[in-house]
Amino acid sequence: MSHSSSSSSFGTPARSGASGTSGGSASRSASRGTGRGTGRTAKPRFGFGLVGPRRDRHSVPLDQLEALSLPVGDDGMVIGVDAENRPAVLGINRPVPYDVTLIGGLWTAQVLALRAAATGARVAVETGRAQAWTALAQAAGGGQPCIALHDVGRVPPQGASAGSPVVVVRDCGMRPPRGRVVSAPWQSVVTLLPYLSPVAPRLLEKSSLVGVQRVSPDEAAQIGRIMSLPRHEYEALSTLADGVTLWCTPSDRQFVMTQGTDAETGLLGAARRMD
């Protein structure tokens, strides 16, 4: 999900001309203008001024060009680190409808909401347990209303756009009703399920991205069938540590460890699967 490469800076110092004599500032200025220290007054060039200092050309051997590459990573929010301790990035703000289903804990969903807000997105939380989100909504944005709470089924139209993307987090229990506000260009929807439920297969099949945290062995086997996971991957789902999520797309899968920052841990506590 991310790329790293080394970058280097280089430069060649300019050659300085010989200084002029102590005959005054005019001769020193002329010496700098000619770059030769001869004391001759440089002839002004109309519209361009005096001739500036001369520098060697910068050059680098062809086989060293790769050393000049810049580190460029994926675009989005960092959701944790992968098995090789590299940043794992989720592009949540997209010009197309984007649905995410997370079978996991409230802690991870709240970290995602905070980090989505940090990217500049407006976050609308549809929840039946507003008390669990109130402290987060008040602390986010430094007093700016970037995370808004709504009762289940009461999320108003958000007016998402490229300049004002929206992330809707649906924390509506095991059987979330069909939402009034659905995914759209620049409006992603993240649905949190605490466990596998009867509505889960429908949500998993229509989602662009699925996250799975620790579940029971029976649930892991069902998820493995729905998502076409290899045996060793779905069997690992029942042994995952707190904060670890298997993120799946139709073409890719990756285990990611989400670790809270100092500010996130102070607000939400340590990573946990159960609430």
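In which helix is the place of L112? In this predicted model, L112 belongs to helix α2, which spans residues 106-118. L112 counts as buried because its relative accessibility is 10%, and buried means under 20%. Leaving out residues up to four places away in sequence, L112 touches M77, I79, L102 and W247. L112 can also be placed relative to V167: the two are 55 residues apart in sequence, and their C-alpha atoms are 9.9 Å apart in space.

Strand β1 covers residues 77-81, and four of its five residues are buried, so that the strand is described as mostly covered. Its partner is strand β2, residues 87-90; the two pair in the antiparallel sense over four bridges. Within this pairing, V81 stands opposite P87 of β2. The two strands form a hairpin with five residues between them. In the turn, N85 has a positive phi of about 65 degrees.

The largest nonpolar core of the model has 34 residues. I79, V123, I147 and W247 are the residues with the most contacts inside this core. Two or more residues of the core are given by each of β1, β2, β3 (98-103), α2, β4 (122-127), α3 (134-139), β6 (166-171) and β7 (187-193). Helix α2 provides the largest share, nine residues. The surroundings of I147 can be listed in detail. Apart from neighbours within four places in sequence, I147 is in contact with A113, L114, A117, V123, V125, L136, A137 and A140. A second core, separate from this one, has 20 residues, including V212, A220, I223 and Y234.

The whole structure was also searched for cavities, and one of 30 Å³ or more was found. The largest cavity has a volume of about 70 Å³. Its lining consists of M77, L90, I92, V100, A109, L112, A113, A116, V167, V169 and V190. L112 and V167, the pair compared above, are thus both among the lining residues. By class, the lining has eleven nonpolar residues, with no polar and no charged ones. Helix α2 and strand β6 each supply at least two residues of the lining. The largest share, four residues, comes from α2. Helix α2 therefore gives the largest share both of the largest nonpolar core and of the lining of the largest cavity.

How values were computed. Residues numbered from 1 in each chain as written. Predicted model: local features only at pLDDT ≥ 70, side-chain atom pairs only at ≥ 80, totals over all residues. Heavy atoms only, no water. Buried < 20%, exposed > 50% of the residue type's maximum accessible area, 1.4 Å probe, protein only. Contact = heavy atoms within 4.5 Å. Pairing = 2+ DSSP bridges. Core = buried A, V, L, I, M, F, W, Y, C linked by side-chain atoms within 4.5 Å. 1 Å grid on protein atoms, 1.4 Å probe; cavity = no way out; pocket = protein on both sides within 12 Å on 5 of 7 lines; lining within 4 Å. Points joined across faces, edges and corners; volume = space filled by probe spheres on them. Nonpolar A, V, L, I, M, F, W, Y, C, P; charged D, E, K, R; others polar.
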